[in-house]
Amino acid sequence: MTLSSRPKIELHLHLEGAAPPAFIRGLAQEKRIDISKIFDDRGNYRFADFGDFLRVYEAATSVLTTPRDYARLVTAVLEQSAAHGVVYCETFLSPDFCGGRDLGAWREYLHAMTEAAAAAETAEGIVLRGIVTPIRHFGPEKARQTAFCAAETAGAFIVGLGIGGDEMSGHPKDFAWGFDMAREAGLHLTAHAGEWGGPQSVQDVLDHLKVTRIGHGVRAIEDLALVDRLAEKGIVLEVCPGSNIALGVYPSWRDHPIEKLRERGVKVTVSTDDPPFFHTTMTHEYDRLAETFGWEEEIFTEVEQTALAAAFCDEPTRKAIAKKLEQP
Ligand code: ADE
Ligand code: ZN
């Protein structure tokens, strides 16, 4: 089996961040919105650093204005993911972008997206679940409203809450209210941390948001006592090495700590984060991991089984995905 055709699980993918640039350009043209400055000469997204990336991300997202746009986006993204062998994917969805945190509007966006996801499941066999994402730099009040949308729509499709955005903005305790509400609604919890912030930032989301998974989490490596705590508690890291390298968290694949974390007993999984922004795919991530750290069948299987166990879906779905992973 090639790395490209290997059945994969992706737990950390931002839906708007997965939008192919041509898809966003097409919508911008249809709606006569000028966002040409976010593209380079070759038509790829252009950004200088993380702050700029967030601005370009939000500019690209500004052309997605209706439930139908989001349904088309789900179709385009899942087609792409399925082509790289992804059989189960969890995507970050934001009521901030889908209806401005209005619950009625959010339900309409959600309806359109779940229909598109069900069609892709039938056509391509790929299963999608959603994690509602408050955006940290939008502040605690908006995060509260976002978490309320999540709690009200928790179910078979919306399975989690996971804060994203600028990790250096505010403190996790400012967002605890929304996480408590989501937990009570039966949602699973994750948070971006240890991407731009150091070990303390990782410890803070564990203490204040009580998450079971962490988006990135890689900078935990700077405190080995924390690494050991992550391993002991079975906290799962949604590691996105290509994203970290593209954004300059680490200078090269060689310098990335995924293998050190894994060797020390931390549960790691592999995802792309925002694939076209970072010129990556799940196949590319797998290829680089094989090339850089000598990962073979056994380690890829271990990482996929970690992802399967850590997926936020219900048990019947987990069983069905387990079968798909077994397929040659
Ligand atoms: N939103 C999209 N990509 C992100 C990243 N890498 N970190 C934080 N928020 C994000
Ligand atoms: Zn992310």
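The zinc ion (ligand 2) is held in this predicted model by four residues, namely H12 (NE2), H14 (NE2), H192 (NE2) and D273 (OD), which coordinate the zinc ion at 2.1 to 2.2 Å. Along the sequence these donor residues follow the spacing H-x1-H-x177-H-x80-D. H12 belongs to strand β1 (residues 8–14), while D273 sits in the loop between β8 (267–270) and α11 (282–293), so this pair ties together parts that are 261 residues apart in sequence.

**The zinc site**
- The angles among the four donor atoms of the zinc ion (ligand 2) run from 87 to 171°, and the site is classed as irregular.
- Are H12 and D273 buried or exposed? Both of these residues are buried.

**Strand β3 and its surroundings**
- Six of the six residues of strand β3 (residues 127–132) are buried, so this strand is largely enclosed by the rest of the structure.
- In a regular strand the side chains alternate between the two faces of the sheet.
- In β3, V127, R129 and I131 point one way, whereas L128, G130 and V132 point the other way, and all are buried.

**The neighbours of β3**
- Strand β2 (residues 86–93) runs parallel to β3 and is joined to β3 by six bridges, with Y88 standing opposite V127 of β3.
- Between these two strands the chain passes through helix α4 (residues 103–124), and the resulting β-α-β crossover from β2 to β3 is right-handed.
- Strand β4 (residues 158–163) also pairs with β3 in the parallel sense, over three bridges, and I158 in β4 is the bridge partner of G130.

Note on methods. Residues are numbered from 1 along each chain as its sequence is written. Chains are lettered from A and ligands numbered from 1 in the order in which they are written. This is a predicted model: local features need pLDDT of at least 70, side-chain atom pairs count only at pLDDT 80 or more; totals for chains, interfaces and linings use all residues. Side-chain values use heavy atoms; hydrogens and water are left out. Donors are N, O and S atoms within 2.8 Å of the metal (3.2 Å for Na, K and Ca); water is not among the atoms, so sites may look incomplete. Four donors count as tetrahedral if all angles lie between 85 and 135 degrees; four count as square planar and six as octahedral if opposite donors are over 155 degrees apart and all others between 65 and 115; anything else is irregular. Helices (H or I, at least four residues) and strands (E, at least two) are DSSP runs, numbered from the N terminus. Buried means under 20% relative accessible area, exposed over 50%, partly exposed in between (1.4 Å probe, protein chains only). Two strands pair if DSSP finds at least two bridges between them. A crossover is right-handed if, with the strands pointing away from the viewer, the path from the first strand over the helix to the second runs clockwise.
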